[in-house]
Amino acid sequence: MSDKPNVAFSQAETEAETLREQLNQHNYRYYSLDDPQITDAEYDQLLRRLEHLETLYPELRRGDSPTQRVGSAPLPMFESVEHKVPMLSLANAFDDDELRDFERRLHARLGDDRPITFVCEPKLDGVAVSLLYHDGILVQGATRGDGFNGENITANVRTIASIPLKLQGQGYPPVLEVRGEVYLPRAGFKAINAEALAKNEKPFVNPRNAAAGSLRQLDSRITATRPLEMCAYSLGQAEGGGLPDTHLGTMRLLKEWGFLINSLMTAVVGIEACIDYYQRLAVLRADLAYDIDGIVYKVDSFRLQEALGFVARAPRWAIARKFPAEEAVTRLVDVEFQVGRTGAVTPVARLEPVFVGGVTVSNATLHNEDEIHRLGLKVGDQVVVRRAGDVIPQIAGIMPSDTDRDDLQAIVFPTRCPVCGSALQRSAEQAVLRCTGGLVCPAQRKQAIKHFASRKALDIDGLGDKIVDQLVDAGLVHTVADLFSLNVEQLSGLERMANKSATNLVQSIAAARQTTLPRLLYALGIREVGETTAKLLAAHFGSLEKLEEADEEALLAVPDVGPVVAGFVIKFLTNPHHLAIIDSLREAGVEWPDIESRGPQLLPLAGEVWVLTGTLAAMGRAQGKEQLEALGAKVVGSVSAKTTCLVAGESAGSKLEKARSLNIKIIDESEFLALLQANQ
């Protein structure tokens with residue numbers, strides 16, 4: 001445009017200020033009040049005019065301008081942000097009785113049986129963010145991170161139209177931190193996936209992953225193209241200015257200041273009313289415009305919240321009630337039989353693809369022959385598929401049908417291995433069929449090699465499943481020892497294996513020659529010998545030679561080793577073929593130094609039973625388990641009267657409550673890290 005000489009700076013400044021106020025007001029009416037006063041085309045016309053004025057006079061461009069929602073140049077990385085008030089997680093309830101227990105604990109702690117008012121609101125399935133305002137202007141947006149420190153995503157949150165860049169109205173504190181959930185409505189998710197498919201790009205798995213990926217873009221211009229929304233659910237910092245004395249009153253005030261709050265949020269009295277709310281939302285859930293994975297209940301009174309306080313990383317005055325596993329109905333197309341590392345033959349259901357639990361499912365586990373008989377399953381049945389979180393999908397049942405099922409195909413288990421043709425065997429005490437072919441069976445051989453190379457075994461980086469399949473099919477690898485004789489020329493001849501990748505893999509295999517006795521014992525794939533048992537065997541005997549010499553009596557002296565495990569160890573280490581593989585590993589230069597033999601009873605946590613729950617910020621639970629086992633503890637998955645101690649990480653749920661009820665010792669992550677440090 002060429003009207004710069006005709007638009008004086010003072011005139012442009014006045015017009016730009018008017019346009020900003022108009023556009024912010026229209027955003028507020030559209031998102032917070034759901035009451036737009038102009039069409040999208042009229043809004044776009046106002047926005048284009050403001051963009052033009054800011055182009056003519058760049059000094060007019062401000063942080064609270066609606067034009068800033070288009071995004072800016074990419075950042076090199078995200079800066080770290082400290083949350084002045086930690087962003088805590090919530091305890092979970094999984095049934096009505098756990099909710100009633102929650103209310104009883106509140107009454108007991110308050111010493112008051114009078115009915116409690118709770119605020120109920122849908123638990124949006126998105127990403128938690130913190131928004132900081134100074135004098136009503138958005139100055140910072142951050143991810144939740146570990147609750148204490150997050151990532152600065154200010155440039156990205158500015159692009160979300162439902163987040164006010166400047167607060168509406170008046171009376172807000174000079175310093176105000178608003179917390180909420182950024183999510184992708186279902187319609188928006190469908191639209192961006194359709195666009196991705198049109199461009200031959202990989203679609204997002206589910207709306208939550210799409211929201212998380214959008215928020216963590218270093219290029220905020222990409223975030224600006226995603227139809228994200230943010231719903232406020234609480235406050236963090238609030239310095240100066242008066243606020244209501246209830247949570248619901250505060251949320252309503254946030255709406256007046258320009259924030260979107262959930263229209264289904266309501267206050268009820270007593271936990272039974274909370275349960276009724278849950279049941280109503282369970283019915284509405286499928287028809288909502290966004291995904292929810294449960295309900296959040298909060299004590300409404302801030303005075304009572306303060307009296308109740310906090311435990312570990314969660315408030316005592318709030319709890320989340322999760323919905324049960326999601327289910328969907330689809331058709332069973334076929335059943336195939338897969339052979340695992342130990343020869344176990346597992347039936348796998350092939351399904352007409354169906355979206356359930358946040359992902360598209362086309363396969364499901366059927367466990368074993370007994371499970372198929374229990375379900376009465378036939379190929380062609382309409383089946384209920386259940387999936388919860390990251391759990392493997394499973395068939396929960398068969399849908400009733402008016403059609404004659406006699407015409408459907410029965411599922412017949414093979415009598416011989418579907419891969420090598422060896423006989424299948426089923427022991428009297430187990431429901432699993434096993435191939436008797438051993439390492440003669442290519443399927444077992446492949447799985448044994450994949451296990452040997454896995455992260456918790458010899459950790460051979462770059463040796464993926466498809467490469468192992470090719471190596472076995474081409475006759476290049478017959479046993480795990482053959483891996484160490486592979487060269488670049490052989491590997492570069494494989495499909496999708498370039499010379500550089502082949503070189504890297506040869507180097508990774510070479511590095512795996514230096515390992516430890518516990519890792520080797522786990523990598524060998526002895527039945528029933530997992531990581532923990534491998535460590536206990538290594539600690540007890542100190543060398544592979546002494547383990548090979550051990551009889552059943554000596555093995556039974558190792559904690560957690562019973563007759564079944566002892567039998568498998570002896571059978572494996574007396575098998576000439578297995579001993580030959582071990583000798584071949586030695587000849588290939590694989591080394592596993594002996595360790596000081598010390599009975600597990602000498603370890604500091606010997607004989608103790610520990611449970612890990614929640615998320616550990618400094619390490620994963622798998623690493624925490626490994627550290628505890630190295631100190632002699634037995635780590636189990638559930639709390640009982642035999643539990644010595646519970647480590648409660650972030651988002652600890654029912655296990656934490658059960659530990660309290662049984663008066664089990666509970667420590668948080670900082671105490672856990674101090675314990676590990678003291679015993680190094």
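Student: Which residues of α17 meet α22, and which residues of α22 do they meet?
Tutor: This is a predicted model, in which local features need pLDDT of at least 70 and side-chain atom pairs count only at pLDDT 80 or more, while totals for chains, interfaces and linings use all residues. Residues are numbered from 1 along each chain as its sequence is written, and side-chain values use heavy atoms, with hydrogens and water left out. Helices (H or I, at least four residues) and strands (E, at least two) are DSSP runs numbered from the N terminus, and contact means heavy atoms within 4.5 Å. On these terms, E531, T532 and K535 of α17 are in contact with α22 through K625, E626 and E629.

Student: Are α17 and α22 roughly parallel or roughly antiparallel?
Tutor: Axes are lines fitted to C-alpha atoms, for helices over the stretch in contact, and angles run from 0 to 180 degrees between N-to-C directions. The axes of α17 (residues 531–541) and α22 (residues 621–630) come within 10 Å and cross at roughly 25°. Angles under 35 degrees count as roughly parallel, over 145 as roughly antiparallel, 65 to 115 as roughly perpendicular and the rest as oblique. The two helices are therefore roughly parallel.

Student: How many charged residues does the contact of α17 with α22 have?
Tutor: Ala, Val, Leu, Ile, Met, Phe, Trp, Tyr, Cys and Pro count as nonpolar, Asp, Glu, Lys and Arg as charged, and the others, Gly among them, as polar. By this division the contact of α17 with α22 has no nonpolar residues and one polar residue, and its charged residues number five.

Student: How does α12 lie relative to α13?
Tutor: The axes of α12 (residues 442–453) and α13 (residues 465–473) come within 10 Å of each other, and the crossing angle is roughly 135°. That angle makes the orientation of α12 to α13 oblique.

Student: Which strands stand at the edges of the sheet β24-β23-β25-β26?
Tutor: This open sheet has four strands with parallel pairing, where two strands pair if DSSP finds at least two bridges between them. Each edge strand has a single partner, so one side of each is left without a neighbour in the sheet, and these strands are β24 (634–636) and β26 (665–668).

Student: Which strands of this sheet does α24 touch?
Tutor: Within the sheet, β25 (residues 645–648) and β26 pair in the parallel sense over four bridges, and A648 stands opposite D668 of β26. Another helix, α22, packs on the sheet against β23 (609–613) and β24, its direction making about 165° with that of β23. Helix α24 (residues 669–678), whose direction makes about 90° with that of β26, also packs there, touching β23, β25 and β26.

Student: How many residues apart in sequence are the parts that E352 and R331 tie together?
Tutor: A salt bridge is a side-chain nitrogen of Lys or Arg within 4 Å of a carboxyl oxygen of Asp or Glu. E352 forms one with R331, the closest N and O atoms being 3.0 Å apart. Because E352 lies in β15 (residues 344–356) and R331 in β14 (residues 326–339), the separation in sequence of the parts tied together is 21 residues.

Student: In β7, which residue is the bridge partner of S130?
Tutor: An open sheet of four strands, in the order β5-β4-β7-β8, has antiparallel pairing. Within this sheet, β4 (residues 127–134) and β7 (residues 175–183) pair in the antiparallel sense over eight bridges. The partner of S130 in β7 is R179.
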